[in-house]
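Student: I have a structure open and would like to learn how to read its features one by one. Could you take me through it?

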Amino acid sequence: MSVETYSSAKQKIEKEILRLQKQMKSLRVKQRRPVIASIVKSMQDNEITIEEVAEALENSARRGAGASTGPKTSLPPKYRHPGTQDTWTGRGRPPRWIIDAEANGRSREEFLIK
């Protein structure tokens, strides 16, 4: 491929990228319009002010998106592998060593920490 052909192809691709980016921006605007209209209607129906929304957004940003209201506490381990000393709280998906032991006929209770 010659330098001129490469340059020409690159320019065409860059133009296409810009065109697609503009199209994406337009689609985002169209998608957001009904959402914004719904929010405005809900605010009007419930007599919610912009200031209340701004305060709620500020409080949400301080807490962090999706953060729980209280501190997370770790649970003490309930099971311990006697050889490796690996532990498991008994919550969530069992670790491989528990799964393997049960597949070999051993009981989960054998690994309970006393």
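**Reading the chain step by step**

Tutor: Happily! Let us start with the secondary structure: the chain has three helices and two strands. Please keep in mind that this is a predicted model.

Student: In what order do the elements of the chain run from the N terminus on?

Tutor: The order is α-α-β-β-α. Helix α1 spans residues 3-45, α2 covers 50-63, and α3 takes in residues 96-103. Between α2 and α3 in that order come the strands, with β1 at 79-80 and β2 at 87-88.

Student: What radius of gyration does the chain have, and what would a compact globule of 114 residues have?

Tutor: The general idea is to set the chain against a globule with its number of residues. Here the chain has 29 Å, whereas a compact globule of 114 residues would have a value near 13 Å. The box tells you about the outline too: along the principal axes, the C-alpha atoms fill roughly 70 × 65 × 25 Å.

Student: How much of the chain counts as buried?

Tutor: Of the 114 residues, 7% count as buried. As for the surface, the accessible area of the chain is about 10,200 Å², and carbon and sulfur atoms hold 55% of that. Contacts add another view: among those with a separation of 6 or more, 26% join residues 24 or more positions apart.

Student: Which residues does the "coiled-coil region" annotation cover?

Tutor: An annotation comes from a record, so it helps to set it beside the coordinates, bearing in mind that it may be inferred rather than shown by experiment. In this case the unreviewed UniProt entry places the "coiled-coil region" at residues 3-30. In the model, that span is 100% helix and 0% strand, and its end C-alpha atoms lie 41 Å apart.

Student: How far apart in space are Arg-28 and Met-43?

Tutor: Their C-alpha atoms are 22 Å apart, with their positions 15 residues apart in sequence. Arg-28 belongs to helix α1, and its relative accessible area of 46% makes Arg-28 partly exposed.

Student: Let us turn to aromatic pairs. How many does a search of the whole structure find?

Tutor: The search finds two. To read a pair, look at the distance between ring centres and then at the angle between planes: under 30 degrees counts as stacked, over 60 as edge-to-face. The rings of Tyr-79 and Trp-88 have centres 5.2 Å apart and planes at 25 degrees, so this pair is stacked.

Student: Are Tyr-79 and Trp-88 buried or exposed?

Tutor: Tyr-79 is buried at 7% relative accessible area, and Trp-88 is buried at 8%. In the other pair, Trp-97 and Phe-111 have ring centres 5.4 Å apart and planes at 70 degrees, so they are edge-to-face. Trp-97 sits in helix α3 and Phe-111 in the segment after α3, so the pair ties together parts 14 residues apart in sequence. Both Trp-97 and Phe-111 are buried.

Student: How many salt bridges does a search of the whole structure find?

Tutor: There are seven. A good habit is to check the N to O distance, then where the partners sit and how exposed they are. One of the bridges joins Glu-14 to Lys-10, with the closest N and O atoms 4.0 Å apart. These two residues lie four apart in helix α1, about one turn of the helix. Glu-14 is partly exposed at 39%, and Lys-10 is partly exposed at 42%.

Student: Where does Glu-102 find its salt-bridge partner?

Tutor: Its side chain meets that of Arg-108, at 2.9 Å from N to O. Glu-102 is partly exposed, with 34% relative accessibility, and Arg-108 is partly exposed with 23%. Another bridge links Glu-110 with Arg-106, whose closest N and O atoms are 3.0 Å apart. Glu-110 is partly exposed at 44%, as Arg-106 is at 39%.

Student: One last feature: which phi does Glu-47 have?

Tutor: For backbone angles, look for a positive phi at a residue that is not a glycine. Glu-47 is such a case, at about 55 degrees. Glu-47 lies in the loop between α1 and α2 and counts as exposed at 71% relative accessibility. Gln-85 also has a positive phi, about 70 degrees, without being a glycine. Gln-85 lies in the loop between β1 and β2, where it is partly exposed at 46%.

Notes
Residues numbered from 1 in each chain as written. Predicted model: local features only at pLDDT ≥ 70, side-chain atom pairs only at ≥ 80, totals over all residues. Heavy atoms only, no water. Phe/Tyr/Trp six-rings, centres within 6.5 Å; stacked < 30°, edge-to-face > 60°. Buried < 20%, exposed > 50% of the residue type's maximum accessible area, 1.4 Å probe, protein only. Rg over C-alpha atoms; globule rule 2.2 N^0.38 Å. Contact = heavy atoms within 4.5 Å. Areas by Shrake-Rupley, 256 points an atom, 1.4 Å probe, with all protein chains shown as cover.
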